[in-house]
Structure formats: structure tokens, C-alpha cells
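I opened the model today to look up its chains, its interfaces and its charged pairs. My notes follow the structure.

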Amino acid sequence: MCILRVEQLKKSFVLDKTVVHAVDGVSFSVGTGEVFGLIGLSGAGKSTLVRCLNLLERPDSGEVWFDGLNLVEQEECVLREKRRQIGLIFQHFNLFMRKTVWENVAYPLRIAGKQKKEFSARVDELLDYIGLSSHARSYPAELSGGQKQRVAIARALALNPRLLLSDESTSALDPVNTELVLSLLRQVVDDLGISIVLITHQMEVAKALCDRIAVMENGRIIEENTVEELFLRPQKPMTRHMVRGFDEDIPLERLTDIASAPVYRLGFRPQSVKRPLISDISRRFDIDVNILAGNINALVGGDVGYLIVSFEGSAQTVQGAIDALRGEGVEVFRLDQTNGLNGRTATGTADSSPACTETAANTALPQVVPASAGE
Amino acid sequence: MNEFIQSGWETVYMVLTSSFFSVVFGLPLGVVLILTRPEGLLPKPGLYRVLDIVINVLRSVPFLILMIVVFPLSRVLVGRATGTTATIVPLAIVAIPFVARIMEQGLLEVDGGVLEAGLACGAKISQLVWTVLIPEALPALVNGVTITVINIIGNSAMAGAIGGGGLGDLAIRYGLYRRDPIKLWVSVVLIIAFVQSVQFFGRLIENRLRRDMTAAVL
């Protein structure tokens, strides 16, 4: 059952007399109770996209189907009704600074025309749920960033929405508060069964929460998959960078310079991540394995890992080793920095798709913007 | 002594009444400006430009001249063109574009994201104005009102020159025509005291309102 379906959404702006296609033909759907991640660097069009989903921003074209209605075609009064079923949380919390915590959470209920005695129990319940009952009379300025975001989540949940849009909701938080907010969101999904569209530039955030992830670049979704598959088999260079984490020291494309032999990316599924496969093939095929990088990621569905390695040995034994790894369910891609001159590798079958080849576009990757400084 | 009480009262009455009316008309105008500006919530660039120009033109007419222009209107509204009550009309009219502008500036202090949050909660624009825009901007609006009242005190003194009454009138009559420096200076001191107390209480209220928004993180 799908709660949100987006078809060919487009939105462009004129900025300094040039047209910016912030959202350029995006389509995806989100199932009931599913956490769908939209990940991309700053400027990839994520925030514009999320505003188009509840029509705070009117898209130029395309469809947004929510609850059986194409929101793009609806009148403002219908939209207001629908927005009450779509919670929105923000990077900078956007709490009402001159209302108390209690009044902030009560706001959507008050706006919906309910009487105070009707909703006061609901507000107390929500504050209890986020663990901030004791701060009911505080003003947002007296709270920490993490507490503010929890209040914002309670406000977004006040009207029992069926969908929660999270726009970089942890980007302004320190790691500890990020963890707290993520676990609250996890709890929300488990307890209330609502769906979340999670927009972030941090893969750590996406992988902690999402069932499926779409990678955005230049206003388009370039790759979409379940989190596990995305970590195992990242198809696009941008995805590989995202999966690997930008904070690691050496850029991916430089690893191919360091090694004297062809470089491969091995993706390990949950069942193979714990086994000593590398030393096994090294012994069995009498090849040297040079490990250049690697990591294990804890995902919602289990742990997946990757290694960046180069195999030193004869073409035959290397191919044998690769086949053996594949037989164990390991995903093997050859990484090649020579701009995909040949999609295929020396070993013939190791890499069949040009899309799996690291292209020179990597080197033109925009500078990574670090998470905004915390509160 | 009696005439100081009399004139002081006239000044207070003139200033507060015209301040009241200037805010009653100026604040909604400020809200219209903020909503219709090109990056506002209800962008109407044409309307915004017209209002913008009208306000700028009105603000560039010197008070004394405008007062003479508005005389006929005073006659229609309060029955006569001179006297304390009649002076309220030009005082308020001069202040309206000023208030509109200063309220617009104050309302601009409200973060766009906070307004967006209100809309995302399902608020209508009209609800948003009353429940978010004005309450969130309140400290800045109070500051705007303080500045307005002080401005009107200045103008009201000038209004004395053409029979408006009040402390300004007293200062001109005794200070200029009868050369009575003591009464002149008493009037001046009273006006200064009035301005300072408005400033003091305005600042007090503003700070109290702002305190909620800037409390130190516990």
C-alpha cells in the first residue's frame, strides 16, 4: 500500500537570470510505514522537493498523489486539510519562539479549530512521549537543539499525520542529539506506523532509519534501492561516495592510483560479512590481496560491509578468486579511474556495466559541505 | 501652574489618540506590505509597488505642510480645523505611512521558516498573521510603536504653532511671543520628560517580551 506517489515532479527557479532546475523530473513512491530516504549533497534539490510534497512550494509540473488525491490539482482549502496529515520537521526546528513548548505542540490542534479542553490531554500525552513534560512551560530558547527538535517532532505529530517529512532534521545537531532524534523517529515509525520521507546529506542518518534510499544529484534521482542493496551494489559514483562516507581521508579515485594492480570493490551481505573470505581466497588461489579501504555498516536489515582491494596475481587466478567470491554472494565491481574507456575489465566479466566504472566525473565532485555547526 | 497641567494633558491626549489611530491603520498596512512583497506569502508585486510609492511620497511631505493640506479633512471628521481634537487628524495621518513602514520592518524579523512551519501545521494565511506573524514580531512591533509615539510628540509640538494646543503651543506662546524663558524651559523639560518616559516604558515592555526569545540555554 503506497501512501505517497510522486510522478515526474519538476520545479525550477530563476536565480541571477539563470534557470536552476532544482527538481528535474523526480518520481518515487513511499509505502505505508516505510522510511524513504532522499540523500544528496547540498544543492541537489532535496529541500525544494520536500516543499513540493506538501505544496508549500508549487511544482511547475508533475503529480503528487497523497491519500488518493493529486495534491497539485487541489484548491488551497483542500491542501490545508491534507497538510494536517503530513507532518514537517526542519533543520532549524522552526519553533514559535514566543510560544511555550506546550503552546508549540498545541498549535496545530488550535489552528484546526479544536477547543483547549479537547486537546489539552493530547498535548500532555505528546510531551510525555518525547520526554519533555517537565519543560511544558519553557520557551524554545531555553532548550538544547535536540530538545527543540523533539518538540518540533511532537508538534508535527499532534494531528496524527500519516506521513512525516523530515528536512535535514538532524543536520544542525551534535552526534549525541542526532542519535536521540533518530531513535525518537525510529520509535515513531514502530509505534505509530507512519511513513517518513527523510531528507539528509548524511548517509549515517539515512542508513540508521531508512528502508529504501534514493540518491539525488542535480535535481534528479540517479539511483534508488533498498538500503542493503545500495550499500552492496552502489551503481553511480555519487552513490559510492555517499556509501563510503566523505569523511574518509583518501578520495576513492585516488585508491586506483595507489594500487599497482586493478582495484575492486567488494560488497558483503549480512551473512558473509562475518566470514574470513579474504584470507580464504588468498590461500586457495595463491594471490596477494591488498586491502585499501573498508567498513561495516549497521543497517536496519542487518550489517553489510565493503572492502576496496587490489588482487595481485595472474589474470587467471584473480578471475578464479573473483568467481569464488561471487559464489559466496559477494558483490564484486572493478573500479577504474580511466573515465570508463572500457566498461569491461581485463578479466573480462568482472565488470559488465559502464555505469559500474568510476568516471572522471568523480574528480569534479563538488566540495562537500560539512554538517552545519550545532546549536 | 494650571496652564502646564492643561497643556500637558492636551499633549498627552493628542499624542496617545493619534498614536492609537496611526497603529490601527498603520499595522494592517504593514501586514499587507509584508504579505504582498515579491518574496512574501501572497506576492502581489503590482500592489506592493503602488503602496510602496504612496508611502514614500506621503513620508516626504513635511508635517507642517501636510497639516495645512489636511485641514479640510479635519473639518469633515471632527467638525473644526483647529484645536486639540482637530490636530489629531493630521498627526495620525502623517504617522500612518511611518507606522506601516516601521511595522513592515518589525514583521520582517520573523523567520520565514517559522511561517512555513505554521503553514505546514495547516494554518490559513489570516490565522498565520494573528497566531504567528504578529505574536512572533511583538517585541519589534512594540519598539515600532515607541518610536512612533516619540515621533508624534515631536509633531504635536509643531502642531501648537497653528493652534493645536498642548505644550508646544505653550512654548511658542510664552517663549517666542512673550519672551518668558522660565515658562519656555518648563515646557521643554516637560516634553523631554514625556519622551523619556515613553522611551523607558517602551523599552521595558520590549525587553520583557524579548526575554522569552533569548533566554540562555539551561
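These entries go from chain A to its domains, then to the two-chain interface and the salt bridges.

**Entry 1: chain A overall.** I note at the start that this is a predicted model. I looked up the secondary structure of chain A and found twelve helices and 14 strands. Chain A has 375 residues, and 55% of them count as buried. I also checked the contacts in chain A with a separation of 6 or more: residues 24 or more positions apart account for 67% of them.

**Entry 2: the two domains of chain A.** The domain assignment splits chain A into domain 1 (2–226) and domain 2 (237–364). I looked up how they touch: 15 residues of domain 1 of chain A are in contact with nine residues of domain 2 of chain A. Between them the two domains bury about 940 Å², and 70% of that is on carbon and sulfur atoms. On the domain 1 side, A:Leu41, A:Met203 and A:Lys207 lose the most area, together 51% of what that side buries.

I then asked which elements of domain 1 each supply at least two residues to this contact. They are helix 7 (203–209), strand 9 (212–217) and strand 10 (220–226) of chain A. Helix 7 of chain A gives the largest share, four residues. By class, this side of domain 1 has eight nonpolar, two polar and five charged residues. Despite my interest in charges, I found zero salt bridges between the two domains. The rule does find two residue pairs in polar contact there.

**Entry 3: chain B against chain A.** Here 28 residues of chain B are in contact with 25 residues of chain A. The buried area is about 2300 Å², of which carbon and sulfur atoms give 58%. I looked for the main contributors on chain B: B:Glu116, B:Cys121 and B:Asp212 supply 25% of the area that chain B buries against chain A, more than any other three residues.

How many salt bridges cross this interface? The rule finds one. B:Glu116 pairs with A:Arg51, with the closest N and O atoms 2.8 Å apart. I also recorded nine residue pairs in polar contact across the interface of chain B and chain A. On the chain B side, helix 5 (112–120), helix 6 (125–159) and helix 8 (181–214) give two or more residues each. Helix 6 of chain B gives the most, with eight residues. That side divides into 17 nonpolar, six polar and five charged residues.

**Entry 4: salt bridges within the chains.** I searched the whole structure and got 27 salt bridges over all chains. In chain A, A:Asp24 forms one with A:Arg220, the closest N and O atoms being 3.1 Å apart. A:Asp24 sits in strand 2 (residues 18–31) and A:Arg220 in strand 10, 196 residues apart. I checked exposure: A:Asp24 is buried at 16% relative accessible area, and A:Arg220 is partly exposed at 45%.

A:Arg84 and A:Glu81 also meet in a salt bridge, at 3.2 Å from N to O. A:Arg84 counts as buried at 15% relative accessibility, while A:Glu81 counts as partly exposed at 43%.

In chain B, I looked up B:Lys183 and B:Glu3, which meet at 2.8 Å from N to O. B:Lys183 lies in helix 8 and B:Glu3 in helix 1 (residues 2–36), so the pair ties together parts 180 residues apart in sequence. B:Lys183 is partly exposed, at 23%, and B:Glu3 is partly exposed, at 24%. Last, I noted one network in which salt bridges with shared partners join B:Arg37, B:Glu39, B:Asp52, B:Arg101 and B:Glu104.

Terms used. Residues are numbered from 1 along each chain as its sequence is written. Chains are lettered from A and ligands numbered from 1 in the order in which they are written. This is a predicted model: local features need pLDDT of at least 70, side-chain atom pairs count only at pLDDT 80 or more; totals for chains, interfaces and linings use all residues. Side-chain values use heavy atoms; hydrogens and water are left out. Domain bounds come from an automatic or database domain assignment. Contact means heavy atoms within 4.5 Å. Buried area is the accessible area (1.4 Å probe) that two parts lose on being put together, summed over both. A salt bridge is a side-chain nitrogen of Lys or Arg within 4 Å of a carboxyl oxygen of Asp or Glu. A polar contact is a pair of N or O atoms within 3.5 Å; within protein, one must be able to donate a hydrogen and the other to accept it, and residues adjacent in sequence count only if both atoms are side-chain atoms. Ala, Val, Leu, Ile, Met, Phe, Trp, Tyr, Cys and Pro count as nonpolar, Asp, Glu, Lys and Arg as charged, and the others, Gly among them, as polar. Buried means under 20% relative accessible area, exposed over 50%, partly exposed in between (1.4 Å probe, protein chains only).
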